[in-house]
Amino acid sequence: QVQLVESGGGLVQAGDSLRLSCAASGRTFSSSVRAWFRQAPGKEREFVATISGGGGDTYYADSVKGRFTISRDNAKNTVYLQMDGLKPEDTAVYYCAARSSRVMMALSSAYDYWGQGTQVTVSS
């Protein structure tokens, strides 16, 4: 019934940039806490970044801090992840997630809704 749809992934070289988008359906997502996670083959899903309902507060995993920027446009129900200075270790399927609570969380189990994922591959 509710949907999160990621887009913007692709194959790039180390040092390149990508911008991921996550479009959400439903009024529930207009001001909900949103996050990006990623999962590489054979590894657990990893927290990347989260953003508060109004977009004023953000939090990043240490591995991406300073390189990635999460933002949102609530009028469009869309969250973005600007990824700069990409590294091979950033290669993963990236997932958008949402939760109804106003508390920002870095645990995947705290999120209620997930997109289908978009592949990001960074070559050496």
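Q: A disulfide is a pair of cysteine sulfur atoms within 2.5 Å. With that in mind, what makes Cys22 and Cys96 a disulfide in this predicted model?
A: The S to S distance between Cys22 and Cys96 is 2.2 Å. The cut-off is 2.5 Å, so the pair qualifies. In general terms, such a link is a covalent bond between the sulfur atoms of two cysteines. Searching the whole structure gives 1 disulfide.

Q: What makes this a link between distant parts of the chain?
A: Cys22 belongs to strand S3 (residues 18–24) and Cys96 to strand S9 (residues 92–99), and the two cysteines are 74 residues apart.

Q: Which hand does the link of Cys22 and Cys96 have?
A: The link is left-handed, with -85° about the S-S bond.

Q: How do you know whether Cys22 and Cys96 are buried or exposed?
A: Buried means under 20% relative accessible area. Cys22 has 0%, so Cys22 is buried. Cys96 also comes out at 0%, and therefore counts as buried.

Q: What stands opposite Cys22 in S8?
A: The residue opposite Cys22 is Val79. Their strands, S3 and S8 (residues 78–83), pair in the antiparallel sense over 6 bridges.

Q: Why are S3 and S8 said to pair?
A: Pairing needs at least two bridges, and S3 and S8 have 6, so they meet the condition.

Q: Which strands form the open sheet, and in what order?
A: The sheet has 4 strands in the order S1-S3-S8-S7, and the pairing is antiparallel. What makes strand S1 (4–7) and strand S7 (68–73) edge strands is that each pairs on one side only. On average, neighbouring strands of this sheet are turned by 15° against each other, direction ignored.

Q: Why is the chain called as compact as a globular protein of that length?
A: The radius of gyration is 13 Å, and the globule rule gives 14 Å for 124 residues; the two values are close, so the description fits. The C-alpha trace spans about 40 × 25 × 25 Å along its principal axes. Buried residues account for 43% of the 124 residues.

Q: How many helices and strands does the chain have?
A: There are 0 helices and 11 strands.

Q: What share of contacts joins residues at least 24 apart?
A: Among contacts between residues at least 6 apart in sequence, the share is 58%.

Q: What makes the side chains along strand S11 (residues 118–123) alternate?
A: Thr118, Val120 and Val122 point to one face and are buried, whereas Gln119, Thr121 and Ser123 point to the other face and are not buried. That fits the general pattern, because in a regular strand the side chains alternate between the two faces of the sheet.

Q: How do the partners of S11 run?
A: Strand S2 (residues 10–13) runs parallel to S11, with 4 bridges joining them. S9 pairs with S11 in the antiparallel sense over 3 bridges. Val120 of S11 is the bridge partner of Gly10, and Ala92 stands opposite Val120 too.

Q: Why is Arg38 called buried or exposed?
A: Its relative accessibility is 4%, under the 20% limit, so Arg38 counts as buried. Arg38 lies in strand S4 (residues 33–39).

Q: How do you know that the side chains of Arg38 and Asp90 make a polar contact?
A: The distance is 2.9 Å. A polar contact calls for a donor and an acceptor among N or O atoms within 3.5 Å, so 2.9 Å is inside the limit. Beyond four places in sequence, Arg38 is in contact with several residues, including Val48, Phe68, Asp90 and Tyr94.

Q: Why is Tyr59 called partly exposed?
A: Partly exposed covers values between 20% and 50%, and Tyr59 has 48%, so the label applies. Tyr59 is found in strand S6 (residues 58–60). The C-alpha atoms of Tyr59 and Ala49 are separated by 5.6 Å, though the residues are 10 apart along the chain. Residues that Tyr59 touches, leaving out those up to four places away, include Phe47 and Met104.

Q: What makes the phi of Asn77 worth a look?
A: Asn77 is not a glycine, yet its phi is positive, about 55°. Most residues other than glycine have a negative phi. Asn77 sits in the loop between S7 and S8, and at 18% relative accessibility, under the 20% limit, Asn77 therefore counts as buried.

Note on methods: Residues numbered from 1 in each chain as written. Predicted model: local features only at pLDDT ≥ 70, side-chain atom pairs only at ≥ 80, totals over all residues. Heavy atoms only, no water. Buried < 20%, exposed > 50% of the residue type's maximum accessible area, 1.4 Å probe, protein only. Contact = heavy atoms within 4.5 Å. Axes fitted to C-alpha atoms, helices over the stretch in contact; angles between N-to-C directions. Rg over C-alpha atoms; globule rule 2.2 N^0.38 Å.
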